[in-house]
Structures are given as C-alpha cells and as structure tokens.
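Here's a quick briefing to read with the model open beside you. Have a look at the fold first, then work through the notes by topic.

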Amino acid sequence: MADVVYLIQDMLFSSKIRETAKPLGLTLQGARDVAGLLAAARTGARLVVVDLRLPVALDALAALAGDPELAGVATVGFIDHELTDVMDRARAAGWLRSQARAGRPPALVAAA
C-alpha cells in the first residue's frame, strides 16, 4: 500500500518526488504502465502523479476516471510548461490539476 503512486519515467523527477515525500512520511510506489498504475492505486493510494508527456498519460487518466473504486483518489499531472495543448486536453479529460514540470512537487505531494 502506497500513499502516492506515480507513472513517471524521468528518473530525476521521480527522485524529486521521493525526496519530497520522505520527510512527510508518505509511502510511494512507481508504476511502469497503466495496468500497474491502476493496481497500485487500488491498494489505498491518496494521490496519483503522472507525467503528461508520456504517450499513455491520457489513457491512464481515462482508466482512473472510469474506475469507480478510484473515484476519491486525487490526480496530478506534470507537464513541460510550453505544452499547453496537452495540459488543456488533460484538464478537459478530468485531471484535478496539473503543474509545469519546472514547478516544485512539495505542495502537490503534501496534498496526499
């Protein structure tokens, strides 16, 4: 069981999220694909973090949104600030919020 589940392939950014969560006492679990993300989220996650640059990001969102068991799980998407079209599509598809990758993860992870 993890408090925060993430689908991020960027090792540096994953590291930033882990560094942020550790002093807060939050447990983390990374996923390699949408199925893994869903399985990990179903174990009691309070927050799901997804890199919106990933080709499967919007598929992950659709799967999360379509699963009634995960209706209460907060989601955050990270994206390069110049990719506003992807950010807009993600918000329209149901992300609670998104943030530029240059942003700092502490406030978002602390939301868990």
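What follows is a short tour of the fold, the sheet, the helices, the cores and a few single residues.

This is a predicted model. The chain has 5 helices and 5 strands, and reading along the sequence you get β-α-β-α-β-α-β-α-β-α. Of the 112 residues in the chain, 44% are buried. Take the contacts between residues at least 6 apart in sequence: 68% of them join residues at least 24 apart.

**Strands and how they pair**

- S1 is a good place to start, with parallel partners in S2 and S3: S1 pairs with S2 (residues 28-30) over 3 bridges, while 4 bridges join S1 to S3.
- Val-4 helps you line up these strands, since this residue sits opposite Leu-28 in S2 and also opposite Leu-47 in S3.
- S1 is covered on both faces, with Val-4 and Tyr-6 buried on one side and Val-5 and Leu-7 buried on the other.
- Moving on to S4, this strand pairs with S3, again in the parallel sense, over 5 bridges.
- Leu-47 turns up here too, standing opposite Ala-74 in S4.
- Why is S4 largely enclosed by the rest of the structure? Of its 6 residues (74-79), 5 are buried, so the strand is mostly shut in by what surrounds it.

**Crossovers and helix packing**

- S1, helix H1 (residues 11-21) and S2 form a β-α-β unit, and this one is right-handed.
- S3, H3 and S4 make a right-handed β-α-β unit as well.
- Two packed helices are described by the angle between their axes and the distance between the axes.
- For H2 and H3, the axes come within 10 Å and cross at roughly 35°, and the crossing is right-handed.
- Which residues of H2 and H3 meet? On the H2 side they are Val-34, Leu-37, Leu-38 and Ala-41, and on the H3 side Asp-59, Ala-60, Ala-63 and Leu-64.

**Nonpolar cores**

- In soluble globular proteins, nonpolar side chains tend to be buried together.
- The largest nonpolar core here has 23 residues, and the members touching the most others are Leu-7, Leu-37, Val-48 and Leu-64.
- Strands S1 (4-7) and S3 (47-51) each supply at least two residues of this core, and so do helices H2 (34-41), H3 (57-65) and H4 (84-93).
- H2 gives the largest share of this core, with 5 residues.
- Another core lies apart from the largest one; it has 11 residues, including Val-4, Tyr-6, Ala-21 and Val-49.
- Back in the 23-residue core, Leu-7 is worth a click: setting aside neighbours within four places in sequence, Leu-7 is in contact with Ala-31, Arg-32, Asp-33, Leu-37, Val-49, Val-50, Asp-51, Leu-54, Val-56 and Ala-60.

**Single residues to check**

- Asp-3 is in the segment before S1. Is Asp-3 buried or exposed? Asp-3 has a relative accessible area of 15%, so this residue counts as buried, the limit being under 20%.
- Beyond neighbours within four places in sequence, Asp-3 is in contact with Gly-25, Leu-26, Thr-27, Ala-45, Arg-46 and Leu-47.
- Asp-3 and Ala-21 are 18 residues apart in sequence, with their C-alpha atoms 9.3 Å apart in space.
- Leu-26, one of the contacts of Asp-3, is in the loop between H1 and S2.
- Leu-26 is buried too, because its relative accessible area is 12% and the cut-off is under 20%.
- From Leu-26 to Ala-2 you cover 24 residues in sequence but 7.6 Å in space, C-alpha to C-alpha.
- Ala-65 belongs to helix H3, and its relative accessibility of 59% is over 50%, so Ala-65 counts as exposed.
- The C-alpha atoms of Ala-65 and Thr-75 are separated by 9.8 Å, and these two residues are 10 apart along the chain.

How values were computed: Residues are numbered from 1 along each chain as its sequence is written. This is a predicted model: local features need pLDDT of at least 70, side-chain atom pairs count only at pLDDT 80 or more; totals for chains, interfaces and linings use all residues. Side-chain values use heavy atoms; hydrogens and water are left out. A nonpolar core is a set of buried Ala, Val, Leu, Ile, Met, Phe, Trp, Tyr and Cys residues joined through side-chain atoms within 4.5 Å. Buried means under 20% relative accessible area, exposed over 50%, partly exposed in between (1.4 Å probe, protein chains only). Contact means heavy atoms within 4.5 Å. Two strands pair if DSSP finds at least two bridges between them. A crossover is right-handed if, with the strands pointing away from the viewer, the path from the first strand over the helix to the second runs clockwise. Axes are lines fitted to C-alpha atoms, for helices over the stretch in contact, and angles run from 0 to 180 degrees between N-to-C directions. A crossing is left-handed if the near helix is turned anticlockwise from the far one by less than a right angle, and right-handed if clockwise.
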